[in-house]
Every structure is written in structure tokens, then in C-alpha cells.
Amino acid sequence: QVQLAESGGGLVQAGGSLRLSCAASGMPFSSYAMGWFRQAPGKEREFVARISRSGGSTYYKDSVKGRFTISRDNAENTMYLQMNSLKPEDTAVYYCAADSALRTTVVLTSTRRYDYWGSGTQVTVSS
């Protein structure tokens, strides 16, 4: 069965960095575009970043552009999110997700586009 497992979250001060990882199993990893989402307490889950199957194309939420970098290593079935210059407003549970491209009428930034989800990793940024 498909499983996604996030790791790398933690507590950092504003301006600090974290690198999140998402390890995939039970799926042909390179056949899936992948994304990162986050959810703060009391808020809806929101799009953060997306990477194409080969890693050749990326797309980011405006507020993280220049600070976050999404990448993937298909040989290791792993996706990453390098988070630099972290701000308190980045505090959230971060989730990785896999898109099988079976719902092509749904926008790429929508949670409804993605078929599989990890259980999340907490990122807390203190001021």
C-alpha cells in the first residue's frame, strides 16, 4: 500500500532553517508529481510547493518564494523541502502529498488534486 512519511520538523527561531523529508513507499514514485501543504491551528490546509514527476518544474506559494526550495530524489523515493529564513507565520503542520494526475480538472494547488497524504510533521517558528 502507498505510504508517505514526513520527517525533519521541529522548533526553530525566526530566521532559522529546517529541511523536511518525505519518504514514499508502495508506489511508483517517479510517476507522481508531489506537493507540500501546511495547516495551522484553526485554518484550512494550504498549498506550499509542488514539483513535477522528473523534478524539472516547481511552483511555490507566493509567500515562500525565495525562502523555500522543493526537490526530489527519485532514486531514493524521497521529496524534500528546504526552508530558510523561517518566519513565525510559517508555523504549521506540514504534509507531503502525491498526485497521480487522475483529476486533471482540479487545480494543482488544491488538496483535492492529491491522492495520497502523509500524517504530517510539526514546524514551529518562534519570534
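A residue is called buried here when its relative accessible area is under 20%, exposed when it is over 50%, and partly exposed in between. Ser-21, with a relative accessible area of 15%, therefore counts as buried. The model described here is a predicted one.

**Overall architecture**

The chain has eleven strands and zero helices. In sequence order, the pattern is β-β-β-β-β-β-β-β-β-β-β. For 127 residues, a compact globule would have a radius of gyration near 14 Å, and the chain agrees with this at 14 Å. The C-alpha trace spans about 40 × 30 × 25 Å along its principal axes.

Of the 127 residues in the chain, 41% are buried. The accessible surface comes to about 6,500 Å², and carbon and sulfur atoms account for 45% of that surface. The chain carries 14 positive and 10 negative charges, and the mean positions of these two sets are 4 Å apart. When contacts between residues at least 6 apart in sequence are considered, 56% of them join residues at least 24 apart.

**Strand residues**

Ser-21 is found in strand S3. Beyond its neighbours within four places in sequence, Ser-21 is in contact with Ala-5, Glu-6 and Ser-7, with Trp-36, and with Thr-78, Met-79 and Tyr-80.

Gln-3 is found in strand S1, which covers residues 3-7. The relative accessible area of Gln-3 is 43%, so this residue is partly exposed. Outside its neighbours within four places in sequence, Gln-3 is in contact with Ala-23, Ala-24 and Ser-25. Gln-3 and Gly-26 are 23 residues apart in sequence, yet their C-alpha atoms are 6.3 Å apart in space.

Tyr-60 lies in strand S6, residues 58-60. Its relative accessibility of 14% places Tyr-60 among the buried residues. Apart from neighbours within four places in sequence, Tyr-60 is in contact with Phe-47, Val-48 and Ala-49, and also with Lys-65, Phe-68, Thr-69 and Ile-70. The side chain of Tyr-60 reaches the backbone nitrogen of Ile-70 at 2.9 Å. Arg-50 is ten residues from Tyr-60 along the chain, and the C-alpha atoms of the two are separated by 6.6 Å.

**Loop residues**

Arg-113 has its place in the loop between strand S9 (92-99) and strand S10 (116-117). How far is Arg-113 buried, in terms of relative accessible area? The value for Arg-113 is 7%, under the 20% limit, so the residue counts as buried. With neighbours within four places in sequence left aside, Arg-113 is in contact with Arg-50, Asp-99, Ala-101, Arg-103, Thr-104, Val-106, Val-107 and Leu-108. The side chain of Arg-113 reaches the backbone oxygen of Arg-103 at 3.2 Å.

Ala-101, one of the residues in contact with Arg-113, is found in the loop between S9 and S10. Ala-101 counts as partly exposed, at 40% relative accessibility.

Ser-31 lies in the loop between strand S3 (18-25) and strand S4 (33-39). Ser-31 is partly exposed, with a relative accessible area of 40%. Leaving out its neighbours within four places in sequence, Ser-31 is in contact with Arg-53 and Asp-99; Asp-99 is also among the contacts of Arg-113. Leu-20 is eleven residues from Ser-31 in sequence, and the C-alpha atoms of this pair are 21 Å apart.

Asn-77 has its place in the loop between strand S7 (68-73) and strand S8 (78-83). The relative accessible area of Asn-77 is 28%, so Asn-77 is partly exposed.

**Backbone angles**

Most residues other than glycine have a negative phi. Two loop residues with a positive phi are listed below.

| Residue | Phi |
|---|---|
| Asn-77 | near 55 degrees |
| Ala-101 | near 65 degrees |

Asn-77 has this positive value as a residue other than glycine, and the same description applies to Ala-101.

Note on methods:
Residues numbered from 1 in each chain as written. Predicted model: local features only at pLDDT ≥ 70, side-chain atom pairs only at ≥ 80, totals over all residues. Heavy atoms only, no water. Helix = DSSP H or I, 4+ residues; strand = E, 2+ residues; numbered from the N terminus. Rg over C-alpha atoms; globule rule 2.2 N^0.38 Å. Buried < 20%, exposed > 50% of the residue type's maximum accessible area, 1.4 Å probe, protein only. Contact = heavy atoms within 4.5 Å. Areas by Shrake-Rupley, 256 points an atom, 1.4 Å probe, with all protein chains shown as cover. Lys, Arg positive; Asp, Glu negative; His and termini not counted. Charge placed at Lys NZ, Arg CZ, Asp CG, Glu CD. Polar contact = N/O pair within 3.5 Å; in protein donor to acceptor, adjacent residues only side chain to side chain.
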